[in-house]
Amino acid sequence: MAEERDEQLIIPDILPLLPIRDVVIFPYMIVPLFVARESSINAVDKALSRDRLIFMATQKDVSKEEPTPEDIYTYGSVGMIMRMLKLPDGRVKILVQGIARGKVNTYLQSKPSYTVDITKIKEVHIEKLTMETEAMMRNIRESLEKLSSLGKVVFPEVMLVLENIEDAGRLSDLVAANLGLNVDVAQQVLETLDPLQRLKKVNDLVIKELQVSQMQAKIQNQAKEEMDKTQREYFLREQMRQIKSELGDIEDATEEAEDFKGKIKKAKMPHDVEKESLKQAERLDMMHPDAAEAAIIRTYLEWLVELPWSKHTKDTLDIQKAKKVLDSDHYNLTKVKERILEYLAVRKLKKRMKGPILCFVGPPGVGKTSLGRSIARAMGRSFVRISLGGMKDEAEIRGHRRTYVGALPGRIIQGMKQAGTHNPVFMMDEIDKIGADFRGDPSSALLEVLDPEQNNAFSDHYLAVPFDLSKVMFITTANLTDPIPGALKDRMETIEIPGYTEEEKIEIARKFIIPRQIKEHGLTDKLIVLPDETVKKIISEHTREAGLRNLEREVATVCRKVAKQVASGKKETTAITPRTLSEYLGVPRYLPEAEQETDEVGVATGLAWTPAGGEILYVEATTMKGKGQLTLTGHLGDVMKESAKAALSYARSMVGNFGLPSDFYKDLDIHIHVPAGAIPKDGPSAGVTMATALVSVLTQTPVNKDVAMTGEITLRGRVLPVGGLKEKCLAALRAGSKTIIIPDRNKKDLEEVPGDVRKKMNIVMVKHVDEVLELALKKKPKRARKRAKPVRRKVQVRA
């Protein structure tokens, strides 16, 4: 009946146009519309004043408030306004029913509303349905029922109407109107005039919608069965991410991930590292910005992009220029400077080579750390320094794994980031003071760092990607080599930096220390003068060290007192003479030893090596009536005690040579003492000194005060070589000894003793104790024994 009524209805060619948004009106479709635009309200009023017919076409762009003809689709539907209600806010609510398709031919009027000339499109009716058409229509009905069961909103009334429709075109329109299609897809269906083609298109759309709904249902079922706590959290975060994306809040996280990707490309990382970095950046992009793991990945990426993967400094290969820089910073140290210049020379000839791994060994204050900084300046490289003293945790070197809260890379990677280049001079101080406990052994972790065959792919636990350390020049420092594990020591090239002679200290003070202290205290050369004689007195009476730290402190003390005078108004030049030095530094701290003033019986001068350089060691022996007991005092170690027993055994075996009765020891107790008693002492090199003191007291023959000695003895009287010869020679020179006795097999070590020291001293090499006694003992005592309490420093020594 509705079709017959529609066919009898005469539709004029000219109708008012109502542009609509977000919906496509199909024939026989009844829909309520809210009309708010003034032009649209005018079109409705115009239709109501005539025959209630109006042409409805959909806008292409829903955001336009005043659409032009180009913004409106050509095809639309002729509709009849069934009801109209004016709302209090000025809008109009109408209920319209689609009647027939139509096409706009011409726009006749635009004000106060659009008026168009249309062509009504007559619907083609298929008299006899083919089996294919019936199958498609039946498939559409069944698919809609399945969609309804899967949650798609399809009204029961629509399903009832579909069961009674036999016309293919009308069924297509009704299904398309209730399928919830996008505007552009629905418009395509509207513009498909052939009913069979339209039926096929709608059938494809229904099948696609059914497949999507089935997949959605399948995903939901799988999620319900398999989703655990982590998956649920991920699902919720994804939903939140979509919500934030709709609200525009996700842009910051996306921008952050893109920023990281740009920095990764700019860092020029190795391929594997870049691949891992991009993977982590993708993970960060998928995560919520406030997630705990996102913060971990963000920190990890910041470390990766800030490391110097490809940044490097160009080495200064001018040998003469580098030599000039080294000489301007440090006096002497020929061996170290020569080694650096050799490296630069090879580097100049060969572009690619591994960085050397050096170990500077010497007492405190000789300039090991400052030398590393000077080397970096001479080579034009950046400099970074870390201290290994007291380190007990392996993670300090290799870093912590990212699974731990607050994890960070190790000190090596941190130092590389600080350096900013991948070829710096990397100094590791106090390598001899590394500890070890239940957290691991840092010295074992350093084996990879300091091995040229392995450090090209150093693996830090935090980074978990290889980092190339082969271009780094590693320099380590130590006071002793004994505490360094053998495997670690084997990987380093050890360069000894012994103590300075008095002349070297005077020269260093003149060139470096005094000018620096004058500048740091705001003085000038016109306000203070420190001649060499004064510096010499400071060295000999106010300091006693292998290095220069105490000397610099004493010079600083003098400068402070002069600065106080200048600040009080004194403008004249202050000359610090040896006579006036006590006014600035007080009384001398170190006086000549009492034993040095006379030749004494039973007192021999030995030489010892300490971490601070060489030291003088006096060995005293005395006898008393007793039962042949040997007493040893002076906080001696086991090795020194054994040396004393070996010296006594040698003396007893050689009684005939010394003019002693064979049983002299039965009625005598022998006491050997090594001052000062509170200082621990140990080592084998005091053997000849103990033998000399022992023979001296037994024969009552004085020992030459100007003779110092060192060497280990055997029961047969042979003198064995010892270590630390250079330091011991310097100590003897400081103490005023004119002759030094050394083992003959130490002749090779004399090359390390400075030439000026060898010229000032008579160095005698011996093979047997008899030669020592002949040189050290005098035939007749020249002066009565005079004892005085010596002034001594408390430092731990090794004989």
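A salt bridge is a side-chain nitrogen of Lys or Arg within 4 Å of a carboxyl oxygen of Asp or Glu. With that in hand, here's a look at this predicted model. Arg101, Glu123, Asp173 and Arg198 are joined up in a network of salt bridges. Across the whole structure, a search turns up 34 salt bridges. Side chains of opposite charge can pair when their charged atoms come close.

Here are three of the pairs, with the N to O distance for each.

| Acidic residue | Basic residue | N to O distance |
|---|---|---|
| Aspartate 329 | Arginine 377 | 2.8 Å |
| Glutamate 394 | Arginine 398 | 3.4 Å |
| Glutamate 554 | Arginine 589 | 3.3 Å |

Let's start with aspartate 329, which forms a salt bridge with arginine 377. This pair links distant parts of the chain, 48 residues apart: aspartate 329 belongs to helix H12 (residues 319-329) and arginine 377 to helix H14 (residues 368-379). Aspartate 329 is partly exposed, with a relative accessible area of 26%.

Next up is glutamate 394, bridged to arginine 398. Glutamate 394 is partly exposed, at 26% relative accessible area, while arginine 398 has 15% relative accessibility and counts as buried.

Last, the salt bridge between glutamate 554 and arginine 589. Glutamate 554 sits in helix H21 (residues 549-567) and arginine 589 in the loop between helix H22 (582-585) and strand S16 (600-601), so this pair ties together parts that are 35 residues apart in sequence. Buried means under 20% relative accessible area, and glutamate 554, at 7% relative accessibility, counts as buried. Arginine 589, at 46%, counts as partly exposed.

Conventions
Residues are numbered from 1 along each chain as its sequence is written. This is a predicted model: local features need pLDDT of at least 70, side-chain atom pairs count only at pLDDT 80 or more; totals for chains, interfaces and linings use all residues. Side-chain values use heavy atoms; hydrogens and water are left out. Helices (H or I, at least four residues) and strands (E, at least two) are DSSP runs, numbered from the N terminus. Buried means under 20% relative accessible area, exposed over 50%, partly exposed in between (1.4 Å probe, protein chains only).
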